[in-house]
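Me: Please take a close look at one part of this protein, the place where its two domains meet, and describe in a connected way what lies there.

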Amino acid sequence: MSSTIRIEHVSKSFEAGKPVLRDLNLEIRPSEIVSLLGPSGCGKSTLLRLLSGLERDHEGHLLIDGQEVLAPTRAVGLMFQEPRLLPWLTVRNNILFGLNARDRRQADGLAQELMEQVQLSGCADLLPRQLSGGMAQRVALARALATEPGVLLLDEPFSAVDALTRMRLQELLLSVWQRRRFTMLLVTHDIDEALYLSDRVAVLSGRPATVREIVHVDLPRPRDRRAAEMLRLRAYLLEALRIAGAPQLTGYGTPFGV
Ligand SMILES: Nc1ncnc2c1ncn2[C@@H]1O[C@H](COP(=O)(O)OP(=O)(O)O)[C@@H](O)[C@H]1O
Ligand SMILES: [Mg+2]
């Protein structure tokens, strides 16, 4: 239920001579939470797509528990900025959509457990159009966890919801992680989000992306978002990103002036 991710010397180009990733290295331990921060367009989503097996043709190695990633697998759960739910399926059936026939024998219990963990008990029969943005993302989280993956990859998962919902979703994500202990790699533009959630924050350079710096967030959870050490790390990361060339950043209502 908890996997190691190894990204070794990974380079990727879509067009010859225009690399998106260059010699990128990162190792993530079981149950660790790592955030990727970096300029827009530097290749963060490309890296997650490679790790999920949705994108191919790269140099270097992408390993999950020592196995090369060759195609999408049930060992990796995915969550995106949009919930990507099927509008004609209920909450329960969206959550169970990706399961095969064998899994479906235990489906009832699993759906119930996941709905409880994402605080959607009682919503099993609702349709996506009846959900708020935050509820829809909680369904997407439950769906991503339905195969009980050892890795959860999240690509700006809370960027489309308001600031308060976003904080609640972060707290909920941590509460689910505390029970299931999957390894998480999270792309975000939000320094506060990275600091609240992560054990380590990897700052990427502009395109072609490589890991420029890794910042350890050695604070116990639940974290106080306004603790002095959080503010210090925030200022530090902001500067690291400024140097990396980030053109636009967001925080909770704080104008960064970049
Ligand atoms: N399928 C693709 N074909 C060609 N270029 C792509 C493709 N996917 C991404 N790119 C390019 O790769 C670069 C990195 O994209 P992406 O990984 O989405 O960046 P990020 O998520 O960091 O904003 C961008 O310049 C983008 O245009
Ligand atoms: Mg992206």
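Reply: In this predicted model, the area buried between domain 1 and domain 2 comes to about 1400 Å², and carbon and sulfur atoms give 59% of that area. On the domain 1 side, Arg74, Leu172 and Arg180 together supply 48% of the area that domain 1 buries against domain 2, which is more than any other three residues supply. The domains themselves are assigned as residues 1-75 + 150-250 for domain 1 and residues 84-148 for domain 2, and the contact takes 14 residues from domain 1 and 17 residues from domain 2. Between the centres of the two domains, taken over C-alpha atoms, the separation is 25 Å.

Turning to the charged and polar pairs, the rule finds 2 salt bridges across the interface of domain 1 and domain 2. Arg180, already named among the three residues that supply 48% of the area buried by domain 1, also forms a salt bridge with Glu113, in which the closest N and O atoms are 3.2 Å apart. Across the interface of the two domains there are, in addition, 5 residue pairs that the rule finds in polar contact, with both residues at pLDDT 80 or more.

As for the elements that build the surface, helix α6, spanning residues 163-180, gives the most to the side of domain 1 that touches domain 2, contributing 7 residues. Sorted by class, that side of domain 1 has 9 nonpolar, 2 polar and 3 charged residues.

Methods:
Residues are numbered from 1 along each chain as its sequence is written. Chains are lettered from A and ligands numbered from 1 in the order in which they are written. This is a predicted model: local features need pLDDT of at least 70, side-chain atom pairs count only at pLDDT 80 or more; totals for chains, interfaces and linings use all residues. Side-chain values use heavy atoms; hydrogens and water are left out. Domain bounds come from an automatic or database domain assignment. Contact means heavy atoms within 4.5 Å. Buried area is the accessible area (1.4 Å probe) that two parts lose on being put together, summed over both. A salt bridge is a side-chain nitrogen of Lys or Arg within 4 Å of a carboxyl oxygen of Asp or Glu. A polar contact is a pair of N or O atoms within 3.5 Å; within protein, one must be able to donate a hydrogen and the other to accept it, and residues adjacent in sequence count only if both atoms are side-chain atoms. Helices (H or I, at least four residues) and strands (E, at least two) are DSSP runs, numbered from the N terminus. Ala, Val, Leu, Ile, Met, Phe, Trp, Tyr, Cys and Pro count as nonpolar, Asp, Glu, Lys and Arg as charged, and the others, Gly among them, as polar.
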